[in-house]
Amino acid sequence: KSRRRTKTLIASEIKSQTGIPLSRRTFAWRHGFLSEALIIYEMNEENIQDYLSDYDRYIKTPKINRDYTSVFDNKLIFDRFVGRELIHTPDVFFWLHDGVVFSMLGEATAAARPIDVIHLCRKKKRLIVKPVTGGGGKGILLLEEKDTGEIHINNQEMGSSGIEKLLEGRSNSIVTEFV
C-alpha cells in the first residue's frame, strides 16, 4: 500500500502544472512536499517546518485516525460531530443527495428545493458546492451572483433551470458558505 501511495504522489507531481522552477521543486521534494505546497501554503525556507509534509501525511500516517477516519473524512459528519464551536469550519447550508435537497439550516434537517439554494446564493453572494468526501478541490463548484443579478457556476452563466438540474444531479454533496 505504501508503494501505491508513493506512486500516486509521484503521479500528482508529474501532472502538476504549477510552473514552479526545478530548483524550487527540488527544495519542496527534499522536504517531502509536492511542489504545489509551495504555492498553497506560501511556503519558504523560514516556514517549511510549520507544515506536515505530503510524504508524512500520505505515506507515513495515512491511518492515523483509525476508528475515527469516517468522522474526519466526511465533511457533513465532521460538521455535525465537532461543531463550529471547537473548530471554525464553513457553515453547511444544504445536503444534496440522489436528486433530493435537504436544508441543514436550523436545528433539524428538512426537505428543501434547488431554488432554495439559488435564493441563498442571492443573499450570500457566493456559495460552494462540494462532495461530502474527498479533497484536493475535486468536484467543487462556485455559485456566485454577479453584478448583473445572474447566478454563475464556476464563472459560467447558467439559467435557474440549468442550476436546478445541476444541483439535482449532485449526489452526496454539501452547499457551504464561501470562505
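In the predicted model, Val-129 lies opposite Leu-141, a residue of strand S5. The pairing of strand S4 (residues 126–131) with strand S5 (residues 141–145) is antiparallel and comprises four bridges. Strand S4 is also paired with strand S8 (residues 173–177), again in the antiparallel sense, through five bridges. In this second pairing, Lys-130 faces Ile-174 of S8.

A nonpolar patch of about 280 Å² is found on the surface, and its members are Ile-40, Tyr-41 and Tyr-51. Tyr-51 is located in the loop that connects helix H3 (36–40) with helix H4 (54–60). The relative accessibility of Tyr-51 is 31%, and this residue is therefore classed as partly exposed. Residues qualify for a patch with over 30% relative accessible area and no salt bridge.

Helix H4 includes Asp-54. The side chain of Asp-54 is buried and forms no salt bridge. The nearest side chain of opposite charge is that of Arg-57, at 5.3 Å, whereas a salt bridge requires a side-chain nitrogen of Lys or Arg within 4 Å of a carboxyl oxygen of Asp or Glu. When neighbours within four places in sequence are set aside, the contacts of Asp-54 are with Leu-9, Gly-32, Phe-33, Leu-34, Ala-37 and Ile-59.

How values were computed: Residues are numbered from 1 along each chain as its sequence is written. This is a predicted model: local features need pLDDT of at least 70, side-chain atom pairs count only at pLDDT 80 or more; totals for chains, interfaces and linings use all residues. Side-chain values use heavy atoms; hydrogens and water are left out. Two strands pair if DSSP finds at least two bridges between them. Helices (H or I, at least four residues) and strands (E, at least two) are DSSP runs, numbered from the N terminus. Patches are made of residues with over 30% relative accessible area and no salt bridge: like charges are joined within 9 Å, nonpolar side chains (Val, Leu, Ile, Met, Phe, Trp, Tyr) within 5 Å. Accessible areas come from the Shrake-Rupley method with a 1.4 Å probe; for residues, only the protein chains shown count as cover. Buried means under 20% relative accessible area, exposed over 50%, partly exposed in between (1.4 Å probe, protein chains only). Lys and Arg count as positive and Asp and Glu as negative; His and the chain ends are not counted. Contact means heavy atoms within 4.5 Å.
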